[in-house]
Amino acid sequence: MSAALEPLDRDRILAELSDVARAELSRLEVYPTLDSTNAYLLAGAGAGWPGGAVCLAEQQTAGRGRQGRSWLTPFGAGLALSLLWRFQTPPEALSGLSLATGIAVARALRNSAVSEVGLKWPNDVRWRERKLGGILLESGGVPGMFHVVAGIGLNVALSPQDAAPIDQPWVDLQEILGAAPVARNRLAAELIGELIAVYLRFQKEGFPGFAEEWARFDRVRGRRVRLQLPNATVAGIARGVDATGALLLETEDGRISPYLGGEISLRVEP
């Protein structure tokens, strides 16, 4: 761990939480090493843990991203956090939750003096066209007892050796903030607080309650993009998202069609 980085500390995170977040938090666990914070909370969900459980790890040995990709989490060089939440609404009412989760992350970063934060549909956290973090939502259960585990991964201070496997332009918080130390415990508390605030509101309003805010963070709208679908590729101009969080793509024939996340990969074309 870099000498400039503070170790994660459960008591310090708890002390930084808002009253609302503290009231909704059912458990907070911090580990030196886990295979995956998401996998840990998914197991907890299966064991009947209530919503509001949060897990952090200094290092993940089998961290996961979307579409089966791995997520790099060297010891002490990032922030790996997952939240378990239980929704009383049917699963289909949760369309757009990944985008709302991105809004929570962007808010937390903005509150931590990180300006120029943007979101790339459906789950990338960006800074000046470079990837700063990612989001992975995994779910299960039955209607009435449906649960979601939201995993957040942020680059904090990656060494050149740690970053070697990354296959796209990236950035970390240390570069963005410069000489200012990265207060990881305060950032963790901000993330937890914003995630809980967003999920409480999402339960009542769904994604339509966040559509306007998404537009302010959207770094894809108006740009030419290429979508890799499970069995095809389609290109066009991104025209924002609809009320379900689906990407609206205008193709060469002028038609605008919605595309939901899932197994879709988006690339912005030069």
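In this predicted model, helix H4 (residues 97-111) and helix H7 (residues 184-205) pack against each other at an angle of about 145°, and their axes are 8 Å apart. If you follow the two helices on screen, you'll see that H4 passes H7 in a right-handed crossing. Plenty of side chains take part: on the H4 side the contact includes Leu-97, Ala-100, Ala-104 and Arg-107, while H7 brings in residues including Leu-187, Leu-191, Val-198, Arg-201 and Phe-202.

Now look just past the end of H7. Which residue lies in the loop between H7 and helix H8 (211-217)? That's Phe-210. Is Phe-210 buried or exposed? With a relative accessibility of 0%, Phe-210 counts as buried. Leaving aside residues up to four places away in sequence, Phe-210 touches Ala-100, Ile-103, Arg-107, Val-198, Arg-201 and Phe-202. Some of these names have come up already: Ala-100 and Arg-107 are among the H4 residues in the helix contact, and Val-198, Arg-201 and Phe-202 are among those of H7. There's also a link to a later part of the chain: the C-alpha atoms of Phe-210 and Ala-243 are separated by 9.1 Å, with their positions 33 residues apart along the chain.

Arg-201 has another role in this picture, since it lies over the face of Phe-210. A similar arrangement turns up at Trp-49, where the charged end of Arg-27 sits over the ring. Here are the two side by side:

| Arginine | Ring | Distance to ring centre |
|---|---|---|
| Arg-27 | Trp-49 | 3.6 Å |
| Arg-201 | Phe-210 | 4.7 Å |

Trp-49 also has aromatic company. The model has five aromatic pairs. In one of them, the ring centres of Tyr-40 and Trp-49 are 5.6 Å apart and the planes meet at 65°, so this pair is edge-to-face; the cut-off for that label is over 60 degrees. Ring pairs also bring in Tyr-31, making a cluster of Tyr-31, Tyr-40 and Trp-49. How do two of its members compare with the surface? Trp-49 counts as buried because its relative accessibility is 16%, and the cut-off for buried is under 20%. Tyr-40, at 23%, is partly exposed.

Finally, let's visit the strands. Five of them form an open antiparallel sheet, in the order E11-E10-E9-E8-E12. At its edges are strand E11 (256-259) and strand E12 (265-268), each pairing on one side only. On average, neighbouring strands here are turned by 45° against each other, ignoring direction. Strand E8 (residues 224-228) is joined to E12 by four bridges, and the two run antiparallel. To find one such link, start at Gln-228: its bridge partner in E12 is Ser-265.

Conventions: Residues are numbered from 1 along each chain as its sequence is written. This is a predicted model: local features need pLDDT of at least 70, side-chain atom pairs count only at pLDDT 80 or more; totals for chains, interfaces and linings use all residues. Side-chain values use heavy atoms; hydrogens and water are left out. Rings of Phe, Tyr and Trp (its six-membered ring) pair if their centres lie within 6.5 Å; planes under 30 degrees apart count as stacked, over 60 as edge-to-face and the rest as tilted. Buried means under 20% relative accessible area, exposed over 50%, partly exposed in between (1.4 Å probe, protein chains only). A charge sits over a ring if NZ of Lys or CZ of Arg is within 6 Å of the ring centre and within 35 degrees of the ring normal. Two strands pair if DSSP finds at least two bridges between them. Axes are lines fitted to C-alpha atoms, for helices over the stretch in contact, and angles run from 0 to 180 degrees between N-to-C directions. A crossing is left-handed if the near helix is turned anticlockwise from the far one by less than a right angle, and right-handed if clockwise. Contact means heavy atoms within 4.5 Å.
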